[in-house]
Amino acid sequence: MAREGRRNVASIKDVAMLAKVSVPTVSRYLNNRERVSEEKRQSISDAIDKLNYRPNPIARALVKDRTDTVMVLSTSTALYGPSRTIQGIEDAARKAGYSMSVAVLTDDERGGLESFVRSCLDQNPAGVILLNFDAISAAAYKFLPASLPTVLVAGNRQSGVAQISLCEEQGGYEVTRYLLNLGHHTVWHVSIPGGVGSYTRMNGWRRALEEVEAPAVAPIETTWDPDDARKIGRELGDNPSVTAIFAGNDEVAMGLIRGLGDSGRRVPEDISVAGFDDHPLAKIWSPALTTVRQDFNVAGARAFELLKHEIEDVAQGVRRIEKWNQLVQVSGELIIRESTGKSLSS
């Protein structure tokens, strides 16, 4: 399901028209209210409130000579994927002479998400990179003005905005097909939070099953906590029909393997388990994890490159639609290790 696009925002001209003053008067009000008469200040203030006007952060940044800060919005900085993506952005930004700030998004209760995004924009960032890994990030996107240089990382494709695709759907498809080719009659999926839409690893898992008409069991949802995955592993270990599991990420896979061990099932002798991301612990886990390696650092660096071009366009007073609507694909790689093997029934 496509997400709602960014909103069209009121312009400074709209404010001036409603307040019955000139555009320069509104500009003076925004930058130095004391230079505007009390009567006009009140009219402008009322118009701003009525129109829900937000000053263009790029224009204000240009006026204040503050165009060197990139804002990164993410719901997590601790999880492996977001943390490595942020590192890639920071490294590229530093080399280009830009600074970076990170804001952590929280749940959208009572309009709090919109207020938080607005407070971030009040810092006048030159542009925003949104790590679009879950539903909260998707909701935050609609609060970013269309005039602000913006790049999305991951998520369903959005028109009119530059975006980095981690090709998660293809990765989910490839790892599932690999397990099926080992002779497993089907593959169970334990999903991570936030995976919705056609661009997800879950959708790739489903496509692979449908392609060979393998029975599809409803995916099992879990949290980011590997302890919860361990509990699921114990339950799946008690089900003799389970021979292969595709976990939503490597931490979940690790939790599942511990839970399967608790129930007396061996990996990969009894049940094959594959993860996703290629966490640093994946190759030293016991058994070492079969997984899909994602290059989050490269994704972060490419996201910054796209944003930098947009920022430069704004500084020159132009907007090149073909640039601002790019889709850059950063493909994953299937890494085969010890946690998967042929089905004993094959």
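These exercises, with worked solutions, concern a predicted model.

**Exercise 1. An aromatic pair**

Task: Classify the pair formed by Y98 and F304, and state which parts of the chain the pair ties together.

Solution:
- Start with the method. A pair of aromatic rings is described by the distance of the centres and the angle of the planes.
- Take the distance. The centres of Y98 and F304 lie 5.4 Å apart. The cut-off for a pair is within 6.5 Å.
- Take the angle. The planes of Y98 and F304 stand at 75 degrees. Over 60 degrees counts as edge-to-face, so the Y98 and F304 pair is edge-to-face.
- Locate the residues. Y98 lies in the loop between α5 (80-95) and β2 (99-104), and F304 lies in helix α12 (residues 296-315). The pair therefore ties together parts that are 206 residues apart in sequence.
- Check burial. Y98 has a relative accessible area of 16% and is buried. F304 is buried too, with 3%.

**Exercise 2. Another ring pair**

Task: What is the geometry of the pair F246 and F276?

Solution:
- The ring centres of F246 and F276 are 6.0 Å apart.
- Their planes make an angle of 45 degrees, so this pair is tilted.
- F246 sits in strand β8 (residues 244-247). F276 sits in the loop between β9 (272-274) and β10 (291-293). The two are 30 residues apart, and the pair links distant parts of the chain.
- Both rings belong to buried residues: F246 has 0% relative accessibility, and F276 has 1%.
- Now the total. The whole structure holds three aromatic pairs.

**Exercise 3. A strand and its partners**

Task: Is strand β1 (residues 69-74) largely enclosed or open, and which strands pair with β1?

Solution:
- Look at burial. Five of the six residues of β1 are buried, so the rest of the structure largely encloses this strand.
- Take β2. Six bridges pair β1 with β2, in the parallel sense. M71 has S101 in β2 as its bridge partner.
- Trace the connection. β1, α5 and β2 form a β-α-β unit, and it is right-handed.
- Take strand β3 (residues 127-131). β3 runs parallel to β1, and four bridges join them. Here L73 stands opposite L130.

**Exercise 4. Charges in helices**

Task: How far apart in sequence are the salt-bridge partners E38 and R41, E90 and R94, and D91 and R94?

Solution:
- Recall the principle. Side chains of opposite charge can pair when their charged atoms come close.
- Begin with helix α3 (residues 38-51). E38 and R41 are three residues apart there, about one helical turn. Their closest N and O atoms are 2.4 Å apart. E38 is partly exposed at 49%, whereas R41 is buried at 19%.
- Move to helix α5. E90 and R94 are four residues apart, about one turn. Their salt bridge spans 3.5 Å, N to O. E90 is partly exposed, with 30%.
- Stay in α5. D91 and R94 are three residues apart, about one helical turn. Their N to O distance is 3.5 Å. D91 is partly exposed, with 27%.
- Look for a network. Shared partners join D278, R293, E333 and R337 through salt bridges.
- Count them. The structure has 17 salt bridges.

**Exercise 5. A charge and a ring**

Task: Where does R207 lie relative to Y173?

Solution:
- Find the ring. R207 lies over the face of Y173.
- Read the distance. R207 is 4.0 Å from the ring centre of Y173.

Technical notes:
Residues are numbered from 1 along each chain as its sequence is written. This is a predicted model: local features need pLDDT of at least 70, side-chain atom pairs count only at pLDDT 80 or more; totals for chains, interfaces and linings use all residues. Side-chain values use heavy atoms; hydrogens and water are left out. Rings of Phe, Tyr and Trp (its six-membered ring) pair if their centres lie within 6.5 Å; planes under 30 degrees apart count as stacked, over 60 as edge-to-face and the rest as tilted. Buried means under 20% relative accessible area, exposed over 50%, partly exposed in between (1.4 Å probe, protein chains only). A charge sits over a ring if NZ of Lys or CZ of Arg is within 6 Å of the ring centre and within 35 degrees of the ring normal. Two strands pair if DSSP finds at least two bridges between them. A crossover is right-handed if, with the strands pointing away from the viewer, the path from the first strand over the helix to the second runs clockwise. A salt bridge is a side-chain nitrogen of Lys or Arg within 4 Å of a carboxyl oxygen of Asp or Glu.
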